[in-house]
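Welcome, and let us take a walk through this protein together. Have a look at the sequence and the model first, and then we will go through them step by step.

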Amino acid sequence: ADAARVAVAVGRVALGVDAGGDAFHFSAARSTTRDLIDARHAHELRPRPFVQLNLDHAIMGVGGDDSWTACVHAPFLVRAPSEARPGAFRFRFSVRDAEGEDLLSL
């Protein structure tokens, strides 16, 4: 999903992530990556008592225009910052309880 911010709540605690206006990709699940790898069928997945939140600055395309080439078109390539293209990937995190109290500053 493309988002500039996201919040995930479990019980009485919420985690917020803000990319300062830049879009990023995320996924949230009640199963871990290992659970997904190990399960052969969806019914084998059991909900965990937590949410796994995965953050990606960007996701690059996975293939070309047809089945026999695997090139990603230049506009869809994800390149890391360099001297020629300075920049940084930044996220800001917050953790709050159900009343809105910032738990990171305690």
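A good place to begin is the inside: V6, V8, V17, A19, F24 and L53 form the largest nonpolar core, which has six residues in all. Please keep in mind throughout that this is a predicted model. A cluster of this kind fits a broader pattern, since in soluble globular proteins nonpolar side chains tend to be buried together. One member of the core, A19, can be followed a little further: leaving aside residues up to four places away in sequence, A19 touches A4, F24, R90 and F91. F24 is thus both a member of the core and a contact of A19.

Now step back to the whole chain. How many helices and strands does the protein chain have? The secondary structure comes to one helix and six strands, and along the sequence they follow the pattern β-β-β-β-α-β-β. The chain has 106 residues, of which 15% count as buried. It exposes about 8100 Å², with carbon and sulfur atoms supplying 55% of that area. Among the contacts with a separation of 6 or more, 41% are between residues 24 or more positions apart.

Next, let us look at how some of the strands are arranged. Three of them make an open sheet, in the order 1-4-5, with antiparallel pairing. Which strands stand at the edges of this sheet? They are strand 1 (2-3) and strand 5 (52-56); each has a single partner strand, so one side of each is left without a neighbour in the sheet. Strand 4, residues 24-29, is joined to strand 5 by five bridges, and the two run antiparallel. One residue pair to look for here is S27 with its bridge partner N54 in strand 5. Strand 1 and strand 4 also pair in the antiparallel sense, over two bridges. There, D2 has H25 in strand 4 as its bridge partner. As you trace these strands, it may help to know that in a regular strand the side chains alternate between the two faces of the sheet.

Aromatic rings come next. A search of the whole structure finds one aromatic pair. The partners are F24 and F26, with 6.4 Å from centre to centre and 55 degrees between the planes, an arrangement described as tilted. Are these two residues buried or exposed? F24 counts as buried because its relative accessibility is 0%, whereas F26 has a relative accessible area of 23% and is therefore partly exposed.

Following the chain onward, we reach T32, in the loop between strand 4 and helix 1 (33-38). Although T32 is in a loop, its relative accessibility is 14%, so it counts as buried. Which residues does T32 touch? Not counting residues up to four places away in sequence, they are R48, F50 and Q52.

Finally, turn to the charged side chains, where the structure holds three salt bridges. R48, which we have just met as a contact of T32, takes part in one of them with D35, at 2.7 Å from N to O. This pair links distant parts of the chain, 13 residues apart: D35 is in helix 1, and R48 is in the loop between helix 1 and strand 5. D35 has 16% relative accessibility and so counts as buried, while R48, at 33%, counts as partly exposed.

Helix 1 also holds a salt bridge between R34 and D38, with a distance of 3.1 Å from N to O. These residues are four apart in the helix, so about one helical turn separates them. R34 is partly exposed, with a relative accessible area of 48%.

The remaining salt bridge joins the side chains of E99 and R12, 2.5 Å from N to O. E99 lies in the segment after strand 6 (92-97), and R12 in the loop between strand 2 (5-10) and strand 3 (13-18), so the pair ties together parts that are 87 residues apart in sequence. Both E99 and R12 are exposed. With that, you can return to the model and find each of these places for yourself.

Key: Residues numbered from 1 in each chain as written. Predicted model: local features only at pLDDT ≥ 70, side-chain atom pairs only at ≥ 80, totals over all residues. Heavy atoms only, no water. Core = buried A, V, L, I, M, F, W, Y, C linked by side-chain atoms within 4.5 Å. Buried < 20%, exposed > 50% of the residue type's maximum accessible area, 1.4 Å probe, protein only. Contact = heavy atoms within 4.5 Å. Pairing = 2+ DSSP bridges. Phe/Tyr/Trp six-rings, centres within 6.5 Å; stacked < 30°, edge-to-face > 60°. Salt bridge = Lys/Arg side-chain N within 4 Å of Asp/Glu carboxyl O. Areas by Shrake-Rupley, 256 points an atom, 1.4 Å probe, with all protein chains shown as cover.
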